[in-house]
Amino acid sequence: MANELIFLDAAALAAQIAAGDISSREATQAYLEQIASVDNNVHAYLAVDGERALAQAERVDAKRAAGEALSPLAGVPLALKDIFCYEGLPCTCGSRILEGWRPPYHATVVQRLLQADLVILGKVNMDEFAMGSSTETSGYGNTHNPWDLERIPGGSSGGSAAALASFQAALSLGTDTGGSIRQPAAVNGLVGVKPTYGSNSRYGVVAMASSLDVPGPFGRTVLDAALLHQAISGHDPRDSTSIDAPVPPVVAAAKSGDVQGLKLGVVKELGGDGYEPGVTAQFEHALQVLQAAGAQIVEVSCPHFKYALGAYYLIMPSEVSSNLARFDAMRYGIRVGDDGRHSAEEVMRLTRQAGFGDEAKRRIIIGTYALSAGYYDAYYGSAQKVRTLIQQDFVKAFAQVDVLVSPTTPSTAWKLGERVDDPLAMYKADLCTIPSNLAGNCSGSFPAGLSPDNGLPVGFQVMAPPMADDRLYQVGAALEAGMGSTLSQLVGSEAWEALYV
Amino acid sequence: MADMALSVAEVAKLADLARIELSDEELARLAPQLDLILQSVAEVSEVAGADVAPTSHAVPMENVFREDVVRPSQSVAAALSGAPVAEDGRFRVPQILGEE
Amino acid sequence: MSDDLLPLAEVYARYEPVLGLEVHVELNTASKMFCSCATEFGAEPNSQTCPVCLGLPGSLPVVNAKAVESAIRIGLALNCEIASWCRFARKNYFYPDMTKDWQTSQYDEPICFNGYLDVEVEGEVFRVPVERAHMEEDAGKLLHLGGATGRIQGADYSLVDYNRAGVPLIEIVTKPVFGTGPKAPQVARAYVSALRDIVRALGVSDVRMEQGSLRCDANVSLMPIGATELGLRTETKNVNSLRSIERALSYEIQRQGAILADGGKVKQETRHWHEEGYTSPGRSKETAEDYRYFPEPDIPPIAPSREWVEELRATLPEAPAARRRRLQSEWGFTDAEFRDIIGADALDLIADTVALGCTPAAAKKWWLGELARRANDAGLELDALAITPAQVAELQSLVAAGTINDTLARQVIEGVLSGEGSPGEVVATRSLAIVSDDGALLEAVQAAIAANPDAAASIKAGRQQAIGALIGAVMRTMQGKADASKVRSLIMESLS
């Protein structure tokens, strides 16, 4: 059975490593064993680098032994979404087109993790180029939800969430373009935060939609996520859209969890019809918990949020169609049809046909359409205007309340395969998360217990103004204190036993 | 925006512009899905008035520059490390049928 | 090539040519437009690349401040307005020399717009309206291998060097230029020449057409005289010298004239200039390219403050036209003489030579004489000759000091051009200095008199013209390294 070390949250593990009670090597070894035990069922990892992880762990142990000061998460093993460039390991982005590509450089956030002495266990699965809500668009097979292996782990950072929820890592990193951290966090009973756009560097993070993407942390607890958030955040001169300002006090907020007098606005447009009753029930329960902790609850209207999904599905594919153009078989990645008879252009076509899955093709074609001459104004141009209106909705709302709240996603984890051929149904999973990406403000999903309908995790979304990320953790910590851990209900359950079969 | 439907022929043209070869089977499968997606987002074009400024960058920022200073490049080997085919320190690519 | 051509006089009698010029200037910044890789010309292939300019997944651009500054200075020198707010845009198209399969450029928000440049052709001033000057990046370099020609058609495969990818470019586009009449090709040439002078004076580019740091695409259309609607135009690429601009446009004007005169319709297309003296059509595409421009999300907008723009305006060098007027009066040349200098494209060369101590007359004599002749023989632009203004100034100082004479100076020029070093070094290694040793000269004089008794007798008899034969004989003995007037006086002394 599992080594008990893996059940320590990251903050506790780091403290014990720093105190010398546990070595980072032991902890890393324990996680590698857990991966060996359960990942054949979960299939979160695409690549595990045990050797390098152990070497990193030993360095931390040596530093400690030498009496050097350790950073707050030193020695804690973590999983990286396969969208981050980490020199030495392949970076596939879940796509066959990048099969075998090894980036010759580290992403800035990876560099920061290494500088902070975290231990990188490996790279985890994701929807192809982060395009999906179930990790089923990956070219490397499905990842399974540890709460029910028949169900989706969410997406696109499904591997990051499933690895963390099945205790195959103490922390994990994801990216969020339209909900890709928050939705998987919600359906796995985890904390997942989309920081303010520009507050975390995108350098070395393979782009899906440049004006929406942001890397962010997953944690099993609010404090864990805050510590990881702190470790990766801050200005990066290699990313022109990086904000040159101090990181908000997220760790302090996660430790305090004081919501006395805080004004919470329930977004009228993000709820009601189309939401699973169990999701609505848990959301309301969470509101009561927060109210009991001293928060004020009011209803707020954001009239343009109903157009967010439409605007998103024009802006995102437009940027996708351009960002994914570089996968043309000339400089890296797979090459199909280079037999001396096909021209470069034909090789590009054949490679992109073979290398991209359906969802990538759909989005590239939609984006190509939305940007093409004669349609730009009606599609891309109009969507950018809606983006302005949504931003204005947020500004007005934040003039009335400190944070906005909603369910993270309308449903709990669905069955694998259920929405694969119904793109529109798939897209609706991001209904509540997309507005924050369009506006660039921060937003997080926090566990709100299990749905009474099916016993699966439900997420509670908190949205705050740009660079007020600390408020997310403040509310998240209050919720955690009032509701207890959702994830702890997995350990020892029937679903848990199934991981080991 | 009365008629926004995407025909199979239009999808084929767009795929061509995006350099994606599509088989007839793929076209037949994807075209109706794309048409549905486009119809579902069509209302976006009717929301905002002419007075609304479009937003291209989520966080307002201007004039982000770097100094004109040379830093070491990566090695030629690193540059070519991902190349499907390399020759003579260069990326080898299939024949190009085009104008220069 | 078998295009019908209508004689120029007939074309201009019936049609009005309308020009449009697109010039790309490669900036000489130390680092690239969006990354810190060096921009040096001729480095080992792919040795000046990084994740950014190779377009690797995950990489992001950061704008070079110097490139923005250079763009603004070019714009100001072209009398442009400078945008108070503008963005980069992605120009999306697939090509193996583009690492991201889009070019980071500017679209409907150029940094400089609405300017002009006055150019002079045969004493007449034409105002060329400048539509815009915008920032963008260069592409990699392709090498076509296999096949017989080394050209793209028929090649088996290509090799790509991305050292040039991401080098900053400024694209300067004119509005349609009307009213040039028969002078259209010369106006085009004068415009590019003036633009080159301005950019060179700004010090922001090497502007060497033969190295590709200045490239020109020449558009032209014809419309019947009196008409108001523009005709269909062609865009001629690969025009790599000032002379080619003029020739290519003359050719296109005659070709289009023949088509129109025959009742035909000009095909709107891209054409290629061949130095042999004709243009040929590029590969035609079934559908027009749709570049799907949109604002570059990875680069925040650029909003040059008015203070910054004024600071840059204060750094502008003297305008070329004003400089010409000043130099002409300083040098004391007539209008005709000065026109010759401009026509030979020798103004900067002469100015630089004069600045190094040479007299204007001597500088003009060398550049427009011997050097122009040699450039012409070699089929080179004058400034592409392997001799610098400093070397010409040195050459003239050797003449002035009596170390060499004009005849020897031509040998020195030959030595410099063939890479034998500075004029001083050539004089030394070729032993060209005039012999000032009277003993050796006197010996040669005596020998010449002895060998030519008839001539000596004639001179003694008062027939001075016979001295030529004796001087010639002495010069042959001295291998030209003697001062002829000195030889003459020594002969006269010896015979008196």
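1. Chain A is split into domain 1 (4–305 + 388–499) and domain 2 (325–384), with bounds that come from an automatic or database domain assignment. Between the C-alpha centres of domain 1 of chain A and domain 2 of chain A there are 30 Å. Their contact (heavy atoms within 4.5 Å) takes 17 residues from domain 1 of chain A and 14 residues from domain 2 of chain A.

2. This is a predicted model, in which local features need pLDDT of at least 70 and side-chain atom pairs count only at pLDDT 80 or more, while totals for chains, interfaces and linings use all residues; side-chain values use heavy atoms, with hydrogens and water left out. Residues are numbered from 1 along each chain as its sequence is written, and chains are lettered from A and ligands numbered from 1 in the order in which they are written.

3. How much area is buried between domain 1 of chain A and domain 2 of chain A? The value is about 1300 Å², of which carbon and sulfur atoms give 65%. Buried area here is the accessible area (1.4 Å probe) that two parts lose on being put together, summed over both. The rule finds zero salt bridges across this interface, a salt bridge being a side-chain nitrogen of Lys or Arg within 4 Å of a carboxyl oxygen of Asp or Glu. It does find six residue pairs in polar contact (both at pLDDT 80 or more). A polar contact is a pair of N or O atoms within 3.5 Å; within protein, one must be able to donate a hydrogen and the other to accept it, and residues adjacent in sequence count only if both atoms are side-chain atoms. On the side of domain 1 of chain A that touches domain 2 of chain A, the residues are ten nonpolar, four polar and three charged. In this classing, Ala, Val, Leu, Ile, Met, Phe, Trp, Tyr, Cys and Pro count as nonpolar, Asp, Glu, Lys and Arg as charged, and the others, Gly among them, as polar.

4. Chain C has three assigned parts: domain 1 (8–313), domain 2 (320–429) and domain 3 (438–495). The centres of domain 1 of chain C and domain 2 of chain C, taken over C-alpha atoms, are separated by 32 Å. Eleven residues of domain 1 of chain C touch nine residues of domain 2 of chain C, and the two domains bury about 800 Å² between them, 35% of it on carbon and sulfur atoms.

5. Five salt bridges are counted between domain 1 of chain C and domain 2 of chain C. The side chains of C:Asp197 and C:Arg324 meet in a salt bridge at 3.4 Å, N to O. Two elements of chain C, α3 (184–202) and α4 (242–261), give two or more residues to the side of domain 1 that touches domain 2; helices (H or I, at least four residues) and strands (E, at least two) are DSSP runs, numbered from the N terminus. α3(C) has the largest share of that side, six residues. By class, the side has two nonpolar, two polar and seven charged residues.

6. The interface of chain B and chain A takes 55 residues from chain B and 62 residues from chain A. About 4900 Å² is buried between these chains, 67% of it on carbon and sulfur atoms. In chain B, the residues that lose the most area to chain A are B:Arg19, B:Val44 and B:Thr55, together 12% of what that side buries.

7. What is the count of salt bridges between chain B and chain A? The count is three. A salt bridge joins the side chains of B:Arg29 and A:Asp358 (2.0 Å, N to O). There are also 17 residue pairs in polar contact (both at pLDDT 80 or more) between chain B and chain A. Of the elements of chain B, α1 (8–17), α2 (24–41) and β3 (90–94) give two or more residues to the side that touches chain A, and α2(B) gives the most, with ten residues. That side of chain B has 36 nonpolar, eleven polar and eight charged residues.

8. Chain C puts 61 residues in contact with 35 residues of chain B. The area buried between chain C and chain B is about 4100 Å², with 56% from carbon and sulfur atoms. The rule finds zero salt bridges across this interface, but 21 residue pairs in polar contact (both at pLDDT 80 or more). β9(C) gives the most to the side of chain C that touches chain B, with five residues.
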